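Visitor: I should like to discuss how the parts of this protein are arranged and how they meet. Could you take me through the model?

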Amino acid sequence: MLVLGIETSCDDTAAAVVAYKNRVLSSVVSSQSVHQLYGGVVPEIASRQHVRLIVPAVRTALEKAGVSLDQIDALAVTMGPGLIGSLLVGLCFAKAVSFVTGKPFIGVNHVEAHLFSVLAETDELRFPFVGLCVSGGHTELMYVREFGDYQLLGSTVDDAAGEAVDKVAKMLGLGFPGGPELEALARQGDSTRVTFPRARLKRKGYDMSFSGLKTAVKYFIQGQSSPLSDALRADVAACFQKAVVDALVEKLVEACRAKDAKQAVLAGGVACNTVLREETERACASIGVRLLVPSSALCSDNAVMVAIAGGRRLSAGQRSSLDLPACSTLEELLEIEVA
Ligand code: KG4
Ligand code: ZN
């Protein structure tokens, strides 16, 4: 089964062709660099860019795969969570193609797609597992009993981890998105020089918070009598990165213990971070949990993961109808899936 995947939930216009289950024939990601001017994603601009980029992205994905639209068996498209205007571009595009060609399409949960992106590279994923999806828009800890059977254990109560990374990167004078530059700067710093707070939420459970940490960095920078030296900038980057990594690793480990999980998956754009990957690997190994992390290209937003997750649903006979809505939040989307 040849699946055309489409992803437009945030600021990347992505299309991919995957021969189900996991043979990737092409993957195109058109990143919208225009947001760099604003230091963050501007939703309306993102939607307009998707409108301009969606046809070329799909055309290029088909060309690179060496197939025509006629040869595609089905479409898989992100239906949420994400920016509503952005989601609608991909979803309406997929519906239009489905309507005109008569080919089936399936709406895909973006977080589910991130968690199952590992299937492009391994067939060793076993249920149940604990999944942590960390990106610019998501910080979700899920217990995955089976494909399609999820318990949302916790999420951020304020900023997503990647959002906090991008904001602190901006404070340190770095470009957008800030993750890769912040990681490079942190590599030169001392992660023990400043102790930033780890959010200890009063509520028991797996929720996380990154806004207080971000504000602590802001006050630290403002509290200096002179602009930060290069060395101190690197130290701040390293200490902030450590605080984010500690919080994520702690929650993942807690969840694995409570659920007695044998496997865990780390995914999403922030999972490109080497320190996070290493620390999570080390912590999981220490409690006997096998950690699966996709390669970096599959961690950030892409349409391969959408085609893989969608392909799984399609092969089980699932189809979406033309009245499928786009959902901006995960809670909304999980309700629809249950109904
Ligand atoms: O999954 P993704 O491409 O898009 C969203 O769904 O948001 O994730 C992008 C996020 C951005 O916040 C970016 O700064 C962060 O992932 N990121 C990183 C790194 N590479 C990307 N954060 C920390 N370290 C990195 N190396
Ligand atoms: Zn994402």
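The exchange below concerns the two domains of this predicted model and the interface between them.

Visitor: Which residue ranges make up domain 1?
Guide: The protein is divided into two domains. Domain 2 takes 126–293. Domain 1 is assigned two segments, 3–116 + 301–338.

Visitor: How many residues does domain 2 bring to the contact with domain 1?
Guide: The centres of the two domains, taken over C-alpha atoms, are separated by 26 Å. The contact takes 20 residues from domain 1, and from domain 2 it takes 18 residues.

Visitor: What share of the area buried between the domains do carbon and sulfur atoms give?
Guide: The area buried between domain 1 and domain 2 is about 1,700 Å². Of this area, the part given by carbon and sulfur atoms is 75%.

Visitor: How many residue pairs are in polar contact across the interface?
Guide: Salt bridges across the interface of domain 1 and domain 2 number zero. For polar contacts, with both residues at pLDDT 80 or more, the rule finds one residue pair.

Visitor: Which element gives the most to the side of domain 1 that touches domain 2?
Guide: The elements giving two or more residues to this side are α3 (110–116), α10 (304–315) and α11 (330–338). With six residues, the one that gives the most is α3.

Visitor: How many nonpolar residues does the side of domain 1 that touches domain 2 have?
Guide: By class, this side of domain 1 has five charged and six polar residues. Its nonpolar residues number nine.

Methods
Residues are numbered from 1 along each chain as its sequence is written. Chains are lettered from A and ligands numbered from 1 in the order in which they are written. This is a predicted model: local features need pLDDT of at least 70, side-chain atom pairs count only at pLDDT 80 or more; totals for chains, interfaces and linings use all residues. Side-chain values use heavy atoms; hydrogens and water are left out. Domain bounds come from an automatic or database domain assignment. Contact means heavy atoms within 4.5 Å. Buried area is the accessible area (1.4 Å probe) that two parts lose on being put together, summed over both. A salt bridge is a side-chain nitrogen of Lys or Arg within 4 Å of a carboxyl oxygen of Asp or Glu. A polar contact is a pair of N or O atoms within 3.5 Å; within protein, one must be able to donate a hydrogen and the other to accept it, and residues adjacent in sequence count only if both atoms are side-chain atoms. Helices (H or I, at least four residues) and strands (E, at least two) are DSSP runs, numbered from the N terminus. Ala, Val, Leu, Ile, Met, Phe, Trp, Tyr, Cys and Pro count as nonpolar, Asp, Glu, Lys and Arg as charged, and the others, Gly among them, as polar.
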